Amino acid sequence: MPWVTPGLRVGLFGGSFNPAHGAHRAASLLAMRRLGLDRVWWLVTPGNPLKDNRALPPLEERVAVARAVARHPRIDVTGFEATLGVRYSYDTMAYLVRRLPTVRFVWIMGADNLARFDRWQRWRAIADLMPIAVVDRMGNSLAATASVAARALAPYRIDESDAKVLADLDPPAWVFLHGLKSPMSSTGIRAARGVASGGLGRGLRQTS
Ligand SMILES: Nc1ncnc2c1ncn2[C@@H]1O[C@H](COP(=O)(O)OP(=O)(O)OP(=O)(O)O)[C@@H](O)[C@H]1O
Ligand SMILES: O=C(O)c1ccc[n+]([C@@H]2O[C@H](COP(=O)([O-])O)[C@@H](O)[C@H]2O)c1
């Protein structure tokens, strides 16, 4: 786990990173700037619980590429969920909040993930654990803002102009950040390279 000092404002950006790309970096920098975060941690998952991970490259490989792509003094890339033996984001977040009570954590995710957030394990409890920032993503804005989770959490959505205070708010609280409409996706990169899709479970496909 990266090193922290008390009071630090840390964005958690979980992902398959298969492979990492420029939009991961751009979304992290956008969130860092708009939310006034000190750091962003890329949590390279041992495997998204909603995806078929049979074709997923080894964690070490994805972490190495992610580090090369991140190239930023305030972005830390870690695969510590595997070391911890957790796969569900709720477990990761609960562990971090318990272990580092003085750190102000914010969960960051792209709009495609908000669109399917209601399928995540304990998604309502996740919203109770820490504030959430959703970064807009090309082709996903409407599905995200009209989603089951967005509607359920609507009373806790704050105005984008107040994004700077999100990390200080008691959860539930979330914000939708506009300003990034990158078409980049790992699926697109794999397709261009002729690599197997990385596999997504039937009926659970997460398009990008
Ligand atoms: N172009 C993008 N704009 C905004 N957010 C993005 C973008 N690409 C990825 N993200 C977000 O980055 C996080 C990690 O995503 P992930 O590693 O699955 O990349 P991906 O491009 O979505 O991969 P895949 O195409 O395999 O689903 C997720 O929260 C995702 O929503
Ligand atoms: O905890 C869950 O149920 C859950 C379901 C789907 C995705 N996630 C997490 O969401 C993050 C983004 O995943 P991905 O594959 O879209 O990059 C990553 O940290 C996953 O572990 C978590």
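These notebook entries record what I looked up in a predicted model.

**Entry 1. The annotated region**

I began with the UniProt record. The unreviewed entry lists residues 12–191 as "domain: Cytidyltransferase-like". I then looked up the make-up of that stretch in the model. Over residues 12–191 the chain is 39% helix and 16% strand. The C-alpha atoms at the two ends of this stretch are 27 Å apart.

**Entry 2. The sheet**

I next asked in which order the strands of the sheet are arranged. I found an open sheet of six strands, and the order is β3-β2-β1-β4-β5-β6. The pairing is parallel. The edges are taken by β3 (75–78) and β6 (174–177). Each of these two has a single partner strand, so one side of each is left without a neighbour in the sheet. I also noted the angle between neighbouring strands, which are turned against each other by 25° on average, direction ignored.

**Entry 3. The edge strand β6**

I followed β6 in detail. Its pairing with β5 (residues 132–135) is parallel and runs over four bridges. I looked up two positions along this pairing. Tryptophan 174 in β6 stands opposite isoleucine 132, and phenylalanine 176 in β6 is the bridge partner of valine 134.

Which way do the residues of β6 point? I recorded that Trp174 and Phe176 point one way, whereas Val175 and Leu177 point the other way. This fits the general pattern: in a regular strand the side chains alternate between the two faces of the sheet. I also checked burial, and all of these residues of β6 are buried.

**Entry 4. Helix α1 and the residue after it**

I compared the length of α1 (22–35) with what its residue count predicts. At 1.5 Å a residue, its 14 residues should span 20 Å. The end C-alpha atoms are 20 Å apart, so the two values agree. I then listed buried residues of α1, among them Ala23, His24, Arg25, Ala27 and Ser28. Leu30, Ala31, Met32 and Leu35 of α1 are buried as well. Glycine 36 follows α1 and has a positive phi, near 65°.

**Entry 5. The surroundings of ligand 1**

How many residues surround ligand 1? I recorded 22, and the closest are Gly15, Ala23, Gly110, Ser186 and Thr187. At least two residues of this shell come from each of α1, β4 (104–110), α5 (111–115) and α9 (186–193). Of these elements, α1 gives the most, with three residues. By type, the shell around ligand 1 holds seven nonpolar, 13 polar and two charged residues. Ala23, one of the closest residues to ligand 1, is also one of the buried residues in α1.

**Entry 6. The surroundings of ligand 2**

I repeated the search for ligand 2, which has 16 residues around it. Gly14, Gly15, Ser16, Asn48 and Trp120 come nearest. The elements that give two or more residues to this shell are β1 (9–15) and α4 (89–99). The shell around ligand 2 divides into six nonpolar, nine polar and one charged residue. I noted that Gly15 is listed among the closest residues to ligand 1 and also among the nearest to ligand 2.

**Entry 7. Unusual backbone values**

Most residues other than glycine have a negative phi, and most peptide bonds are trans. I therefore searched for exceptions to this general pattern.

Phenylalanine 17 has a positive phi, near 50°. It is found in the loop between β1 and α1. Is phenylalanine 17 buried or exposed? I recorded 26 C-beta neighbours inside 10 Å, so phenylalanine 17 counts as buried.

Arginine 122 also has a positive phi, near 55°. Its place is in the loop between α5 and α6 (123–129). With 15 C-beta neighbours inside 10 Å, arginine 122 counts as partly exposed.

I then looked up two cis peptide bonds. One joins asparagine 18 and proline 19, with omega about 0°; proline 19 is found in the loop between β1 and α1. Another joins proline 171 and proline 172, again with omega about 0°. Proline 172 lies in the loop between α8 (148–152) and β6.

**Entry 8. Proline 73**

My last search concerned proline 73, in the loop between α2 (59–70) and β3. It has 7 C-beta neighbours inside 10 Å, and therefore counts as exposed. Valine 40 is 33 residues away from proline 73 along the chain, and their C-alpha atoms are separated by 9.9 Å.

Terms used:
Residues numbered from 1 in each chain as written. Chains lettered and ligands numbered in written order. Predicted model: local features only at pLDDT ≥ 70, side-chain atom pairs only at ≥ 80, totals over all residues. Near = placed C-beta within 6 Å. Nonpolar A, V, L, I, M, F, W, Y, C, P; charged D, E, K, R; others polar. Pairing = 2+ DSSP bridges. Axes fitted to C-alpha atoms, helices over the stretch in contact; angles between N-to-C directions. UniProt positions renumbered as here; feature names shortened; annotations may be inferred. Buried ≥ 20, exposed ≤ 12 C-beta atoms within 10 Å, placed from the backbone. Expected span 1.5 Å × (residues − 1).
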